Amino acid sequence: MAQEQSSSRLTITVAVMLAVVMQVLDLTIVNVALTYMRGSLQANSDQITWVLTSYMVANVIVLPLTGLLVERYGQRNIMLWSVVGFVISSALCGQSHSLTEIVLWRFLQGIFGASLAPVGQTIMLGAYPANKRGQAMAILGMGIMLGPILGPTLGGYLTDTLSWRWVFYVNIPFGILAFLLMQSVPDGGKSANPRPVDWTGFGLMALGLGCLQGILSLGDQDDWFSSRTIIILTLITILGLLFFVWRSLSVKYPVVDLRLLKDRNLAIGSMGIGIFGLALFGTMVILPIMLESLMHYEAFTAGLVMAPQGIGAMLAMMLAGRLLGKGINPRDIVLVGIVIGAFGTYLTTLYNLDINMDWVIWPSFIRGIGFGLVTIPLFTLAFTTIKKSQQAEGSGIFNLMRTLGGSVGIAVVSTVMSQETQVGWNQMSKFINPFNPAFHHYLAAAGMTQNPTTWQVLGNVVLYSQANMRGTLDAFVLVFYGFLVMIPLILFLKKPPREKDDNTENSPSLME
């Protein structure tokens, strides 16, 4: 009997891990392929990031509905539908031939992928006895961390060897295997009297967040508030979110219970994880574009160079778990993580076009350590003062802010890169003229003469690269300031009680 239970538990673990890793992998595997997708889909560097943000916005919108969907249809059905939808939308992403197509299918992919991690966590908790649930969460946590480590490297290999389309097609065999194994997963979570869904509140939230993403994505190319479209989207965003907040505070069963934000730790912790999402996902956008467009790395090489960030994060998360187990104040761990992450990001603001590979690897590893030391302790602090009965709802708000922060971060970082590149071009181009002595010295040192070809090389190659590097450095500066802004927020968090009342069974998870 025990052997049968162990075998069943192994099948459930493999099925859940396949589904969750497949979803998490898609957050990072696409990054190194963006440069290749940009040319194939005829998009600029600002537009191509919609491939990332559309996926994350869909996650933000659907995440709050996960618990309600499980109450109605059960855990296994939600996992099966999610896996099938994710695989189909992945195949559609791979065959896309325009930016509009791939953004649409990525949005659909995000809708189906949103529930995989939280429902998978619940299934894992149910499959393991109480004394082994910590082990179950550790296994699932390792799977979650495989995304940042394997994503860039695997994406780079597939892009170089086959094409960028295979970063989506690779989901198909894993999805099919996960679907087959999921048949043996016991169903659960279905309620005879499920809570009503506040579709009005959900619609207001989707409208507000969707229009906000539209502002961030279109603002730069439409010159922001000189565009009538941006003004209209801004008005819809403000009204949609204001009515969503009013609705959430006035109904008995809101989609997102904003009343929980009266708790100081949850409110500040959620704000902090939103800023953290900006730093994490903003960095994941900047690096591959810089490595492939400016440093001329192949996609696979860029993925290998980015992998140390994930390795540093995984090691730091293991260390943070040990420190928390020994009773170290999580606020101290978070502050150390912020300082380390800020230092690793500061090193990137010193980049130039002549740096070697070590200058990319070590700052990434240091920054990854900072990310890892922030994540789990900040989650612990956010739920220090909240009641157990409110943890599930609080976890939804916390993870909603994390994903939304990442989505906003990608859009903001892309806008800064695009704008500052143009500013750099305008400022530096005026020095390329025959009356500038430094210009003549540069030509002499480079062995070049003044002719039409010289002007073309200087304009299209040298000036373009320098201007893009300036835009990249300004984006890194924004991420650096993001770390610094977190410091005063963390200082306002209450310290956790000395006695640890909660156990793994009752604690919410980062993956909800």
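I take a residue as buried when its relative accessible area is under 20%, and with that cut-off Gln309 is buried, because its relative accessible area is 4%. The model I am reading is a predicted one, and I keep that in mind for each entry below.

**Entry: Gln309 and its surroundings.** I placed Gln309 in helix H14, which spans residues 299–325. I then looked up what Gln309 touches once its neighbours within four places in sequence are left aside, and I found Leu280, Thr283, Met284, Leu287, Ser364, Phe365, Arg367, Gly368 and Phe371.

**Entry: confidence.** For the protein chain I noted a mean pLDDT of 78, with 81% of its residues at 70 or more. Over residues 499–512 the pLDDT is below 50, although this stretch still has 36 contacts in the model beyond near neighbours in sequence.

**Entry: aromatic pairs.** How many aromatic pairs does the structure hold? I have 11 of them on my list. In one of these pairs the ring centres of Trp164 and Phe168 are 6.4 Å apart and the planes stand at 90°, so I record the pair as edge-to-face. Trp164 is buried because its relative accessibility is 6%, and Phe168, at 0%, counts as buried too. I also looked up Trp362 and Phe365, which form an edge-to-face pair with 6.0 Å from centre to centre and 85° between the planes. Since Trp362 and Phe365 are 3 residues apart in helix H16 (residues 358–382), about one helical turn separates them. Is Trp362 buried or exposed? Its relative accessibility is 52%, so I count Trp362 as exposed. I further noted that ring pairs link Phe276, Phe371 and Phe483 into a cluster; Phe371 is also among the contacts of Gln309.

**Entry: cysteines.** I searched for disulfides and found 0 in the structure. For two cysteines I checked the accessibility: Cys93 is buried, with a relative accessible area of 0%, and Cys211 counts as buried at 10% relative accessibility.

**Entry: the nonpolar core.** The largest nonpolar core has 115 residues, and those with the most contacts inside it are Val30, Met37, Ile102, Met290 and Leu291. Which helix gives the largest share of this core? I found that helix H13 (residues 264–294) does, with 15 residues. I followed Met290 further and, not counting residues up to four places away in sequence, I saw that Met290 touches Met295, Tyr351, Met469, Thr472 and Phe476.

**Entry: helix H4 and the residue after it.** In helix H4, which covers residues 66–73, I listed Thr66, Leu68, Val70 and Glu71 as the buried residues. The helix is followed by Gly74, whose phi is positive and near 90°.

**Entry: His296.** Where does His296 lie? I found His296 in the loop between H13 and H14. Most residues other than glycine have a negative phi, and I therefore looked at this case with that general rule in mind. The phi of His296 is near 60°, a positive value in a residue other than glycine. I count His296 as exposed because its relative accessible area is 64%, and the cut-off that I applied here is over 50%.

Methods. Residues are numbered from 1 along each chain as its sequence is written. This is a predicted model: local features need pLDDT of at least 70, side-chain atom pairs count only at pLDDT 80 or more; totals for chains, interfaces and linings use all residues. Side-chain values use heavy atoms; hydrogens and water are left out. Rings of Phe, Tyr and Trp (its six-membered ring) pair if their centres lie within 6.5 Å; planes under 30 degrees apart count as stacked, over 60 as edge-to-face and the rest as tilted. Buried means under 20% relative accessible area, exposed over 50%, partly exposed in between (1.4 Å probe, protein chains only). Helices (H or I, at least four residues) and strands (E, at least two) are DSSP runs, numbered from the N terminus. A disulfide is a pair of cysteine sulfur atoms within 2.5 Å. A nonpolar core is a set of buried Ala, Val, Leu, Ile, Met, Phe, Trp, Tyr and Cys residues joined through side-chain atoms within 4.5 Å. Contact means heavy atoms within 4.5 Å. pLDDT is the predictor's confidence in each residue, from 0 to 100.
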